[in-house]
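Subject: Structure for you to look at

Hello,

I am handing over the structure we talked about, and I would be glad if you kept it open beside this message while you read. My notes on what was found in it follow directly below.

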Amino acid sequence: MKKYFKSIIESDFSLPIAGAMFSLCFAPRYWVILMPFLVSLLVFRLNQSDGKRASFKRAFLFGFGFGFVSTAWIGNAILLDDRLGWVVPIALAGMGIFFGLFYGTAGFVAACYAKGWRRLLAFAAAMTIMEW
């Protein structure tokens, strides 16, 4: 069981799921207790990255999951007109990609620094700048 759990955590498949769960930390759910664990998973995976491309990909996947789930309310607004149901998957995927680019850019900037606390601080600074 321990080996199986470790392989899930260390796979890139866990990052979009963690990003989707990260959206539950905000309104209207406010499951803030999840936030440190999910951000720690992202930082742990970024710290394991060997290159800038891998860091961008991992942060992008986290941001994609976050953007896809946290903007689901847009789908409800689009569905007010029954003829536009086909637009919902495109809109949600587009917003996920848009959010993923912000997170991915922060991951790319963080990869420019050495592993450890420098990379953590670079990621935090890059996310702060990207959110501003």
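The side chains of Lys115 and Asp50 come together in a salt bridge, with 3.3 Å from N to O. The two partners of this bridge belong to distant parts of the chain, since Lys115 sits in the loop between H6 and H7, while Asp50 sits in the loop between H3 and H4, 65 residues apart. Please keep in mind that this is a predicted model. Lys115 has a relative accessible area of 46% and therefore counts as partly exposed, whereas Asp50, at 71% relative accessibility, counts as exposed.

As general background, side chains of opposite charge can pair when their charged atoms come close. In this structure there are five salt bridges, and a further one brings the side chains of Arg58 and Asp12 together, with 3.1 Å from N to O. Because Arg58 lies in helix H4 and Asp12 in the loop between helix H1 (2-9) and H2, this pair ties together parts that are 46 residues apart in sequence. Are these two residues, Arg58 and Asp12, buried or exposed? Both Arg58 and Asp12 turn out to be buried.

Another salt bridge is made by the side chains of Asp81 and Arg83, again given as N to O, at 3.1 Å. Here Asp81 is partly exposed, with a relative accessible area of 27%, and Arg83, at 67% relative accessibility, counts as exposed. Beyond the separate pairs, salt bridges that share partners join Asp12, Arg45, Lys57 and Arg58 into one network.

Turning to the aromatic residues, the count of ring pairs comes to eleven. One of these pairs is formed by Phe62 and Tyr103, whose ring centres are 5.8 Å apart and whose planes stand at 50 degrees, so the pair is tilted. This pair, too, links distant parts of the chain, with Phe62 in helix H4 (residues 52-70) and Tyr103 in helix H6 (residues 87-110), 41 residues apart. Phe62 and Tyr103 are each buried, and they belong to one aromatic cluster that also contains Phe22, Phe26, Phe66 and Phe99.

Which residues touch the most other members of the largest nonpolar core? Among the 18 residues of that core, they are Phe22, Leu42, Phe62, Tyr103 and Phe123. The elements that contribute two or more residues to this core are H2, helix H3 (35-48), H4, H6 and helix H7 (117-131). If you select Phe62 and set aside its neighbours within four places in sequence, you will find it in contact with Leu15, Pro16, Ala18, Gly19, Phe22, Leu38, Leu42 and Tyr103. Apart from the largest core there is another one, made of five residues, among them Ile78, Val88, Ala91 and Leu92.

Finally, on the surface, Phe13, Ile17 and Met21 make a nonpolar patch of about 300 Å². Of these residues, Met21 lies in helix H2 (residues 14-22), and because its relative accessibility is 32%, Met21 counts as partly exposed.

When you go through the model yourself, you could begin with the bridge between Lys115 and Asp50, and then turn to the tilted pair of Phe62 and Tyr103.

Best wishes

Technical notes: Residues numbered from 1 in each chain as written. Predicted model: local features only at pLDDT ≥ 70, side-chain atom pairs only at ≥ 80, totals over all residues. Heavy atoms only, no water. Patch = residues over 30% accessible without salt bridge, like charges linked within 9 Å, V, L, I, M, F, W, Y side chains within 5 Å. Areas by Shrake-Rupley, 256 points an atom, 1.4 Å probe, with all protein chains shown as cover. Salt bridge = Lys/Arg side-chain N within 4 Å of Asp/Glu carboxyl O. Helix = DSSP H or I, 4+ residues; strand = E, 2+ residues; numbered from the N terminus. Buried < 20%, exposed > 50% of the residue type's maximum accessible area, 1.4 Å probe, protein only. Phe/Tyr/Trp six-rings, centres within 6.5 Å; stacked < 30°, edge-to-face > 60°. Core = buried A, V, L, I, M, F, W, Y, C linked by side-chain atoms within 4.5 Å. Contact = heavy atoms within 4.5 Å.
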